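Okay, everyone, thanks for coming. Let me put the structure up, and then we'll go through a couple of things I looked at.

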Amino acid sequence: MLDRTVTKFSHVKPGDTPYLPGGLRDFFLYRDLGIAAATNGKVIAHLVKANMAPESGTGWHRHEADFQIVIMITGWARFMYDDKETLVEAGDVVHQNPGISHYLFDYSPDMEYLEIVSPADFKSIDVEPVCEIPPPTPWTS
């Protein structure tokens, strides 16, 4: 049975938390959905959206996490998962298995995704490049 003493009810409405810089990547904005606080750090859920055009992307990295999914809400992003290019479009759901080397290198100006990770304080570890990265698509004004 679920131990309800270690988590609490949370209801975050769109105007309750703003999109802020200062997350893992400076070219994205992050909106906290209150899940880390509600689960005492067991899980984090945040919305991530494009803030600047892609230049160098995230770099090759992996996460020390037990669980991670990305649900693309709007727009698209191109990732390398190991040596495979993957286009993730609105409506797509990606389970990033623990430890997979990946690189988000391109995204649309309207890209926004929901990311859910456990634990909330997961680590991002730089790794050696797996392969060459295609160039990003320039944003037009």
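Before I give you a volume, one bit of vocabulary: a cavity here is a set of grid points where a 1.4 Å probe fits but cannot get out. And keep in mind that this is a predicted model.

So, how many cavities of 30 Å³ or more turn up in the whole structure? Just 1. The largest cavity comes out at about 50 Å³ in volume. Who's around it? The lining is made up of His63, Ala65, Phe67, Gln68, Gln96, Asn97, Pro98, Gly99, Ile100 and His102. If you sort that lining by character, you get 4 nonpolar residues, 6 polar ones and no charged ones.

Okay, on to the rings. Searching the whole structure gives 7 aromatic pairs. Take Phe27 and Phe28: the ring centres are 4.8 Å apart with the planes at 75°, so we call that pair edge-to-face. Are those two buried or exposed? Phe27 and Phe28 are both buried.

Phe28 also pairs with Tyr113, and there the centres are 6.4 Å apart and the planes sit at 90°, so that's edge-to-face too. What I like about this one is where the partners come from. Phe28 is in strand β1, residues 28-32, while Tyr113 is in strand β9, residues 112-118, so the pair ties together parts that are 85 residues apart in sequence. Tyr113 is buried, as is Phe28.

Put the ring pairs together and you get a cluster of Phe27, Phe28, Tyr107, Tyr113 and Trp139.

One last ring: Lys49 lies over the face of Tyr19, 4.2 Å from the ring centre.

That's it from me.

Methods. Residues are numbered from 1 along each chain as its sequence is written. This is a predicted model: local features need pLDDT of at least 70, side-chain atom pairs count only at pLDDT 80 or more; totals for chains, interfaces and linings use all residues. Side-chain values use heavy atoms; hydrogens and water are left out. Rings of Phe, Tyr and Trp (its six-membered ring) pair if their centres lie within 6.5 Å; planes under 30 degrees apart count as stacked, over 60 as edge-to-face and the rest as tilted. Buried means under 20% relative accessible area, exposed over 50%, partly exposed in between (1.4 Å probe, protein chains only). Helices (H or I, at least four residues) and strands (E, at least two) are DSSP runs, numbered from the N terminus. A charge sits over a ring if NZ of Lys or CZ of Arg is within 6 Å of the ring centre and within 35 degrees of the ring normal. On a 1 Å grid over the protein atoms alone, a cavity is a set of points where a 1.4 Å probe fits but cannot get out, and a pocket is an open set with protein on both sides within 12 Å along at least five of seven lines; lining residues have an atom within 4 Å of a point. Grid points are joined across faces, edges and corners, and a volume is the space filled by probe spheres set on the points. Ala, Val, Leu, Ile, Met, Phe, Trp, Tyr, Cys and Pro count as nonpolar, Asp, Glu, Lys and Arg as charged, and the others, Gly among them, as polar.
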